[in-house]
Amino acid sequence: MAEIGKGVTAGKLAINVQKKFTRAQEKVMQKLGKADETRDTAFEETVVNFNKQMAEGTKLQRDLKAYVTSVKTMQDASRRLQDCLADMYEPEWFGKEEIDAMAEDTDILWTDYHAKITDSSLTCMDQYLAQFPDIKARIAKRDRKMVDFDSARHHFASIQKGKKKDEAKIAKAEEDLGRAQKVFEELNVELQDELPALWDSRVGFYVNTFQNMAGYQEKFHKEMGKLSQNLNDIMTKLDEQRLANEGANHSISTDSPPKGLGPPPSRPPPRVTPSPDQTQDDVYEEEASVPDADQTSAAPAPQNTVTNGSDGELPPGFLYKVKAVHDYAATDGDELELKAGDMVLVLAIDNPDEQDDGWLLGLKESTWQQNRDLSAKGVFPENFTQKV
């Protein structure tokens, strides 16, 4: 039973229950084909369009919210990245002040873009969809009133066809029919005007929404592009600063031991190891190429003038001098073992076609000065040395 004070009386409750029962009975009769049903094909098409429009709008609202959330996520990620760059950017590096200002300007751009697409697109989307629930409720009410109209119409027809004419019942049924028809037609006419207009309004709404978004995106990316170009210019200047510093470091005297060397370079590409016979032949050729004491006294070797080393007697085939900057452990018998700081005399290879890329033939300067023996020469990786 209805509670007092809730705005519902027992009489109203009984009327509502009776209406639901009558509507259910009428629908059953219509489905069984025992009662005709009022149909409006044009109106039904507008309802189909309404449901489609509401579904599309709901999906667009959901995707817009996801986009706005993504923009906020990108803003947070951009802020962390810019802060990281600003924190690790050392004061003496080129453009330190510009990097700090750029982090703030970038975050301001993201904040402004997020606020604008939220206000212009998402807020308007919410307002657009707010009208659908009311219209949907009125469509449902119109459907109920149509069933009431059909029920009143059938009730009035059955009384008129009765064998006993009760004028009072006929008058009451006619009055109920007129009232039901009036309520139904009022709702029907309103919706017939509103639904087509609502359907047509979607085009203008979509145009306005995406034009605003496109405009904000264009402005945002244009300003962000300027900041990106500035960052690229700063990085270019920083790289030039780095190269200039490296050039200054290389100008230090080569006689001083290297400081702060990095890890040894990687080993050059593998080379073809000479066969034992070839190695022995090379040794014979080298020994044969060394003049004996009598020949030396009779025909002294010409003095070579070397611009990157001291003047003095140099071995045949001498090209230039290099300095070992890393230790190198020989892995084959024809390789030259190096210690950092060793001075090596680079020699020409008899057959250049047999020279492997990244490898040089040479002899330690100290060995040559002590023994004048070419048999101590060997190959070594070029990237473990530095030309002097």
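The second largest pocket holds about 500 Å³ of space. That value, like everything else here, comes from a predicted model. The pocket's lining is made up of 13 residues, and K19, D148, A152, D176 and A180 are the ones that sit nearest its centre. As for where the lining comes from, at least two residues each are chipped in by helix α1 (10-31), helix α4 (132-160) and helix α5 (167-250). Sorted by class, the lining is a mix: five residues are charged, four are polar and four are nonpolar.

Next comes a pair of helices. Helix α2 covers residues 41-88 and helix α3 covers residues 96-129. Their axes lie 10 Å apart, and the two helices pack at an angle of about 170 degrees. An angle over 145 degrees counts as roughly antiparallel, so α2 and α3 are roughly antiparallel to each other. The contact of α2 with α3 brings together 19 nonpolar residues, along with twelve polar and eight charged ones.

Zooming out, the protein has eight helices and five strands. Reading from the N terminus, the order of elements is α-α-α-α-α-α-α-β-β-β-α-β-β. In other words, seven helices in a row are followed by three strands, then a helix, then two strands.

Two numbers describe the protein as a whole. Of its 388 residues, 29% are buried. Among contacts with a separation of 6 or more, 71% are between residues 24 or more positions apart.

Technical notes. Residues are numbered from 1 along each chain as its sequence is written. This is a predicted model: local features need pLDDT of at least 70, side-chain atom pairs count only at pLDDT 80 or more; totals for chains, interfaces and linings use all residues. Side-chain values use heavy atoms; hydrogens and water are left out. Axes are lines fitted to C-alpha atoms, for helices over the stretch in contact, and angles run from 0 to 180 degrees between N-to-C directions. Helices (H or I, at least four residues) and strands (E, at least two) are DSSP runs, numbered from the N terminus. Angles under 35 degrees count as roughly parallel, over 145 as roughly antiparallel, 65 to 115 as roughly perpendicular and the rest as oblique. Ala, Val, Leu, Ile, Met, Phe, Trp, Tyr, Cys and Pro count as nonpolar, Asp, Glu, Lys and Arg as charged, and the others, Gly among them, as polar. On a 1 Å grid over the protein atoms alone, a cavity is a set of points where a 1.4 Å probe fits but cannot get out, and a pocket is an open set with protein on both sides within 12 Å along at least five of seven lines; lining residues have an atom within 4 Å of a point. Grid points are joined across faces, edges and corners, and a volume is the space filled by probe spheres set on the points. Buried means under 20% relative accessible area, exposed over 50%, partly exposed in between (1.4 Å probe, protein chains only). Contact means heavy atoms within 4.5 Å.
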